[in-house]
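Below is a short report on local geometry, pairing and packing. Read it alongside the coordinates.

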Amino acid sequence: AAIRKQKVTVELVDLFHTDEKHTWFAFTPGGTHLVAYNETSATVWNTNDRKRGHQIERPDLKLHCVRVSPDGKWLAASANTTVETASDRLLLWNLETGELTKDIVPDRGSGYPKSLAFSHDSRFIAFGAEGLAVYRVPNLESYFFYRGEAIMAIAFSPDDRVLSLARIRDTVALWSMATNT
């Protein structure tokens, strides 16, 4: 079989003319927004017009995972307090107003990096830690949860019917949103 070489043009765009030191980056599934974050702050960028959106700073928390909803309306963060008696948190900001709308203690345990994923329709957010919790957006009402093995990464299928869960013991599980199994 012949391998055909194709010329690819890549446009480099320097979005970050800031003093912040970002450690992690995450795109929305459609690529319309980018969030850049470190342990205490996050900045949202609109990739279409290359404009900086809201920035959050939370020196009282240690941010683990930050995600922007696919519709660009919500910013979610899993975090814990930086005091000795650490408490896990799930926070949700309205990106139109910049206001923190919800700050809850999630249904799942602590001890591992907390992973987050928005559904493609932005109606749900999944939180992985020692098990899985799924919440309705924007009120963060519990949709379902289960206790179990630590979840290191989460992703919704393109139709939002199935969650893939990368677990700590090098296994991947599929979780049905319809049957909660």
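Leucine 116 stands opposite phenylalanine 127, a residue of strand 10. The model is predicted. Leucine 116 belongs to strand 9, which spans residues 115-118. Strand 10 covers residues 124-136. The two strands run antiparallel and are joined by four bridges.

**Strand 9 and its hairpin**

Side chains in a regular strand alternate between the two faces of the sheet. In strand 9, Ser115 and Ala117 point one way. Leu116 and Phe118 point the other way. Both sets are buried.

Five residues lie between the strands of the hairpin that strand 9 and strand 10 form. Serine 122 sits in this loop. Its phi is positive, near 65 degrees, although serine 122 is not a glycine. Is serine 122 buried or exposed? Serine 122 has a relative accessible area of 5%, so it is buried, the cut-off being under 20%.

**The largest pocket**

Rolling a probe the size of a water molecule over the atoms shows where empty space is left. Here the largest pocket holds about 190 Å³ of space. Which strands each supply at least two residues of its lining? They are strand 5 (61-68), strand 9 and strand 11 (141-156).

Strand 9 residues in the lining include Leu116, Ala117 and Phe118. The lining also includes Phe27, Thr28 and Pro29. Arg67 and Val68 take part too, as do His120, Ile154, Ala155 and Phe156. By class, the lining has nine nonpolar residues, two polar ones and one charged one. Arg67 is the charged one.

**Aromatic packing**

How many aromatic pairs does the structure hold? There are four. A pair of aromatic rings is described by the distance of the centres and the angle of the planes. For tyrosine 143 and phenylalanine 144, the ring centres are 5.5 Å apart. Their planes meet at 50 degrees, so the pair is tilted. An angle over 60 degrees would count as edge-to-face, and one under 30 degrees as stacked.

The two partners differ in exposure: tyrosine 143 is partly exposed at 31% relative accessible area, whereas phenylalanine 144 is buried at 6%. Both belong to one aromatic cluster, together with Phe124 and Trp175.

**A buried polar contact**

Asparagine 80 lies in strand 6, residues 74-81. Its relative accessibility is 15%, so asparagine 80 counts as buried. The side chain of asparagine 80 makes a polar contact with the side chain of histidine 64, at 3.5 Å.

**Backbone details in the loops**

Proline 138 is located in the loop between strand 10 and strand 11. The peptide bond joining valine 137 and proline 138 is cis, with omega about 15 degrees.

Aspartate 160 is in the loop between strand 11 and strand 12 (162-167). Its phi is positive, near 65 degrees, and aspartate 160 is another residue other than glycine. What is the relative accessible area of aspartate 160? The value is 13%, so aspartate 160 is buried.

The two residues with positive phi are set out below.

| Residue | Phi | Loop | Relative accessible area |
|---|---|---|---|
| Serine 122 | near 65 degrees | strand 9 to strand 10 | 5% |
| Aspartate 160 | near 65 degrees | strand 11 to strand 12 | 13% |

Note on methods:
Residues are numbered from 1 along each chain as its sequence is written. This is a predicted model: local features need pLDDT of at least 70, side-chain atom pairs count only at pLDDT 80 or more; totals for chains, interfaces and linings use all residues. Side-chain values use heavy atoms; hydrogens and water are left out. Buried means under 20% relative accessible area, exposed over 50%, partly exposed in between (1.4 Å probe, protein chains only). Two strands pair if DSSP finds at least two bridges between them. On a 1 Å grid over the protein atoms alone, a cavity is a set of points where a 1.4 Å probe fits but cannot get out, and a pocket is an open set with protein on both sides within 12 Å along at least five of seven lines; lining residues have an atom within 4 Å of a point. Grid points are joined across faces, edges and corners, and a volume is the space filled by probe spheres set on the points. A polar contact is a pair of N or O atoms within 3.5 Å; within protein, one must be able to donate a hydrogen and the other to accept it, and residues adjacent in sequence count only if both atoms are side-chain atoms. Rings of Phe, Tyr and Trp (its six-membered ring) pair if their centres lie within 6.5 Å; planes under 30 degrees apart count as stacked, over 60 as edge-to-face and the rest as tilted.
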